[in-house]
Amino acid sequence: SNPFEVKVNRQKFDILGRKTKNDVGLPGVSRSKAIKKRTHTLLKEYKEREKTNVFKDKRFGEYNTKITPEEKMIRRFALERQQNYGKKNIYNLNEDEELTHYGQSLAEIEKLNDIVDSDSDTEERGTLSAELTAAHFGGGGGLLRKKVSSGQQDEEEEKPKSRKELIEEMIAKSKQEKQERQTRRESALELTEKLDNDWKEIQALIARKPPKSERKDREVEKPKPDEYDMIVRELGFEMKAKPSERMKTEEELAKEEEARLQKLEADRLRRMRGIDEQADRKKPGHMSADDLADGFILDKDDRRLLSYKEGGKEDDENEEESEEEDEEGGKEDDENEEESEEESATEHEEDDAADSHSDLESDLESEEEASGNKEEKKHKTNKNESQNVEELDPKREAAKSELPYTFSVPESYETFKSLLAGRTIEQQLIILERIQKCNHPSLAVGNKAKLEKLFGFLLEYIGELATLDLPELRTIDKLVLPLYNLCQMFPEAASDSIKFILRDAAHDMEEIIEVKGRATFPGLDTLIYLKITSLLFPTSDFWHPVVTPAFMYMSQLLTKCRVTTLQDVIKGLFICCLFLEYVSLSRRFVPELINFLLGILHISLPKKQAQG
């Protein structure tokens, strides 16, 4: 009816077939519905916001059986203090809190002369007399009467006391008891004071030092400390753990090792060339008397001695320098001496107005003597040099025979072989170790490829040692360790190298079978490669890129190779042992192995002639 309460929702475009639901809206109706909904929901919640119909016991630890009653009381007291803290005053002025003892303020108790002895009241506290209960909790006629015994009939006839009389008697008794307690307490205090005074008088007489014999007896009587006490004391005096240095990375360790080997190599080369270590050190320069030597720590007394000869001061070091200059070229020194003479002459002429030239004559005489001393020292230095050369000769020979500390990775197999040729097993292992340390992959970019080549060179070298007339099995056994280290560093390159060797061996066997129809067992080098494969790679995997081809190659050797000599039998049995190592963890069945062993047993039986 009211056009202002109706809202028409107009559409921009009329679309055929579309039903419009909300063409006309009623904002007043919807508002009244919303208000009713709020009164039923939000208003109800608002009115009941602080009302709870459940009583909760919020005492701390009331239902917790794990906490003792003392802990509960302490915790509740602490929580109460926390709640009351800060409510009284806005600012914390550090005012002293009033401390109480049995409900009385400690400040008031301290003012009183009467000392409260709490121990004396413990026995009587909690006991109520019959009169007290009758006076305060009375109400029946029987409670107001006195209790009488059966023998006192006269007292029964007396009238019962009134309430006022009973209260007066009770007050009188309590005052009497209090007075008695006070007198007992005072007498006890007097006795203790008297005892203290008497003890002080006696103590002066008793205080004396016992003789040494008694002391020794007492010391012997002292019980020895237990092991536990001794350990506790030792722990108290022990040094506390200090923080250790952090673990260094592999790159840092490689750099340190390289620097150490380079330093050792430089020392070896210096000894081989006969260069004295002291000669390399720089000689200290001249220090003037005015030098403050800021920042200089005087570890040793390096001051030079000055010698005085005929009024002239000569420095030992300057003499040595002049000797070296004389050896290099004597002409320059003569010219310098003449120039210095001319300069000194002109200075003396300017300074001295007199005609006498006595100073110049004395200078000339001192120079002649100095030149004579220099010639003598030349002969001495030549002798010393010859002695030093004789001493350095054995050092040079020892340095030449010593192994270098730094090696570069050989580029070809020939250089690698020449590097190890003529060396003992220990020296070969040291050379290989130093090559790995000086060319660690973390030190330079191309070192990884170089060390991968080194693995191939070492494999080839092991194969060559196995093909000798007297195979060096001990050397091969020792060389497996550096081979294993290289395999751990570069597993992909190691697997490629061994796969290449196995592939060549398999191709060779196939070619022999095509030509002859039956293959022969391979040499010792191939058998050692198969053994090394089991040491470098895991043999228990279901499929492995190196071990699986080796497995197949060994099974082909047992099936396709003819046994003609005892050496073939030994090679076949060696392959059987390798099979056993390969299969020790995986527990696989190898039919070629069983077939080969049955064939060997069949061959070993003697041929019996047929009877009849």
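User: Hi! Before we start, what counts as buried here?

Analyst: Hi! Buried means under 20% relative accessible area. One thing to keep in mind is that this is a predicted model.

User: Thanks. With that cut-off, how much of the protein is buried?

Analyst: Of its 612 residues, 19% are buried. The protein exposes about 50,700 Å², and 53% of that area is supplied by carbon and sulfur atoms.

User: And which secondary structure elements are there, how many helices and strands?

Analyst: The protein has 24 helices and 6 strands.

User: What share of the contacts with a separation of 6 or more comes from residues 24 or more positions apart?

Analyst: Such pairs account for 64% of those contacts.

User: Let's zoom in on some helices. How do helix 17 and helix 18 pack, parallel or antiparallel?

Analyst: Helix 17 covers residues 425–438 and helix 18 covers residues 447–466; their axes come within 11 Å and cross at roughly 165 degrees. Angles over 145 degrees count as roughly antiparallel, so helix 17 is roughly antiparallel to helix 18.

User: Left-handed or right-handed crossing?

Analyst: Helix 17 passes helix 18 in a left-handed crossing. On the helix 17 side the contact is made by Gln428, Leu432, Ile435 and Gln436, and on the helix 18 side by Leu451, Leu454, Leu458 and Tyr461.

User: How many of those residues are nonpolar, polar or charged?

Analyst: That contact has 6 nonpolar and 2 polar residues, with no charged ones.

User: Cool. What about helix 16 against helix 17?

Analyst: Helix 16 spans residues 413–420, and its axis comes within 9 Å of the helix 17 axis, with a crossing of roughly 130 degrees. That makes helix 16 oblique to helix 17. Here Phe416, Leu419 and Leu420 of helix 16 meet Gln428, Ile431, Leu432 and Ile435 of helix 17. By class, the contact holds 6 nonpolar residues, 1 polar and no charged.

User: Back to helix 18 for a second. Is Asn447 buried or exposed?

Analyst: Asn447, which sits in helix 18, is buried, with a relative accessible area of 6%.

User: What is Asn447 in contact with, leaving aside neighbours within four places in sequence?

Analyst: Asn447 is then in contact with Asn439, His440 and Pro441.

User: New topic: what is the phi of Arg587?

Analyst: Arg587 has a positive phi of about 55 degrees, although it is not a glycine. Most residues other than glycine have a negative phi.

User: Where is Arg587 found, and is it buried or exposed?

Analyst: Arg587 lies in the loop between helix 23 (566–583) and helix 24 (591–604). Arg587 is exposed, with a relative accessible area of 73%.

Notes:
Residues are numbered from 1 along each chain as its sequence is written. This is a predicted model: local features need pLDDT of at least 70, side-chain atom pairs count only at pLDDT 80 or more; totals for chains, interfaces and linings use all residues. Side-chain values use heavy atoms; hydrogens and water are left out. Axes are lines fitted to C-alpha atoms, for helices over the stretch in contact, and angles run from 0 to 180 degrees between N-to-C directions. Helices (H or I, at least four residues) and strands (E, at least two) are DSSP runs, numbered from the N terminus. Angles under 35 degrees count as roughly parallel, over 145 as roughly antiparallel, 65 to 115 as roughly perpendicular and the rest as oblique. A crossing is left-handed if the near helix is turned anticlockwise from the far one by less than a right angle, and right-handed if clockwise. Contact means heavy atoms within 4.5 Å. Ala, Val, Leu, Ile, Met, Phe, Trp, Tyr, Cys and Pro count as nonpolar, Asp, Glu, Lys and Arg as charged, and the others, Gly among them, as polar. Buried means under 20% relative accessible area, exposed over 50%, partly exposed in between (1.4 Å probe, protein chains only). Accessible areas come from the Shrake-Rupley method with a 1.4 Å probe; for residues, only the protein chains shown count as cover.
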